[in-house]
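Student: I have a chain here that I would like to understand. Could we walk through it together?

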Amino acid sequence: MSLKDQITEDMKSAMRVKETARLGTIRLLLAAIKQREVDDRIVLDDAAIISTIEKMIKQRKDPISQFEKAGRDDLVAVESAEMVILQEYLPAQMSDAEVQAAIAAAIASTGASGAQDMGKVISVLKGQLAGKADMCKVSGLVKAALAK
């Protein structure tokens, strides 16, 4: 079953049991997927759907910090609940040790020797770690590894 089919089935089950918060979040996700398919005139595969989910999660992180500063705990709870639902559709996250091993392997395979080779290493890692690790964090780890 593809990821899109799984999301659609989850929407149907959320309708049956009347989980309004979950249903709303899943509908937002399906709308974002459909919008991207219409804009690009393609059918999204699982990797593209995962990148859409990651984008939606990032879109919720900044408002959460803003709502916390403003003392709006009700809105923080709503955004956090949506993030939890969206994260269910992401693949299992890699541990720090696995990420470090992948970075070391990518540096060795590309022959990177300094910060100027960071783009080569990131391009190799992007395919391997997409959806499995936070690429901002990976970028910082690659930069630190190449600085040594």
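Student: Which residues does Arg60 touch, not counting residues up to four places away in sequence?

Tutor: Happy to help! This is a predicted model, where local features need pLDDT of at least 70, side-chain atom pairs count only at pLDDT 80 or more, and totals for chains, interfaces and linings use all residues. Residues are numbered from 1 along each chain as its sequence is written, and side-chain values use heavy atoms, with hydrogens and water left out. Taking contact as heavy atoms within 4.5 Å, and leaving out residues up to four places away in sequence, Arg60 touches Leu28, Glu79, Glu82, Met83 and Leu86.

Student: Is Arg60 buried or exposed?

Tutor: Arg60 is found in helix 3; helices are DSSP runs of H or I with at least four residues, strands are runs of E with at least two, and both are numbered from the N terminus. Buried means under 20% relative accessible area, exposed over 50%, and partly exposed in between, with a 1.4 Å probe and protein chains only. Because its relative accessibility is 8%, Arg60 counts as buried.

Student: With which side chain does the side chain of Arg60 make a polar contact?

Tutor: A polar contact is a pair of N or O atoms within 3.5 Å; within protein, one must be able to donate a hydrogen and the other to accept it, and residues adjacent in sequence count only if both atoms are side-chain atoms. For the side chain of Arg60 there is such a pair at 2.8 Å, and the partner is the side chain of Glu82.

Student: How many helices and strands are in the chain?

Tutor: Along the sequence the pattern reads α-α-α-α-α-α-α. The C-alpha atoms fill a box of roughly 55 × 40 × 30 Å along the principal axes. The count is seven helices and zero strands.

Student: Which helix gives the most to the largest nonpolar core?

Tutor: A nonpolar core is a set of buried Ala, Val, Leu, Ile, Met, Phe, Trp, Tyr and Cys residues joined through side-chain atoms within 4.5 Å. The largest one has 23 residues, and those touching the most other members include Leu3, Ile26 and Tyr89. Two or more residues come from each of helix 1 (3-16), helix 2 (20-40), helix 3 (46-70) and helix 4 (73-87). With seven residues, the top contributor is helix 3.

Student: How many residues are in the second, separate core?

Tutor: Val99, Ile103, Val121 and Val142 are among its members. This core is separate, and its residues number 15.
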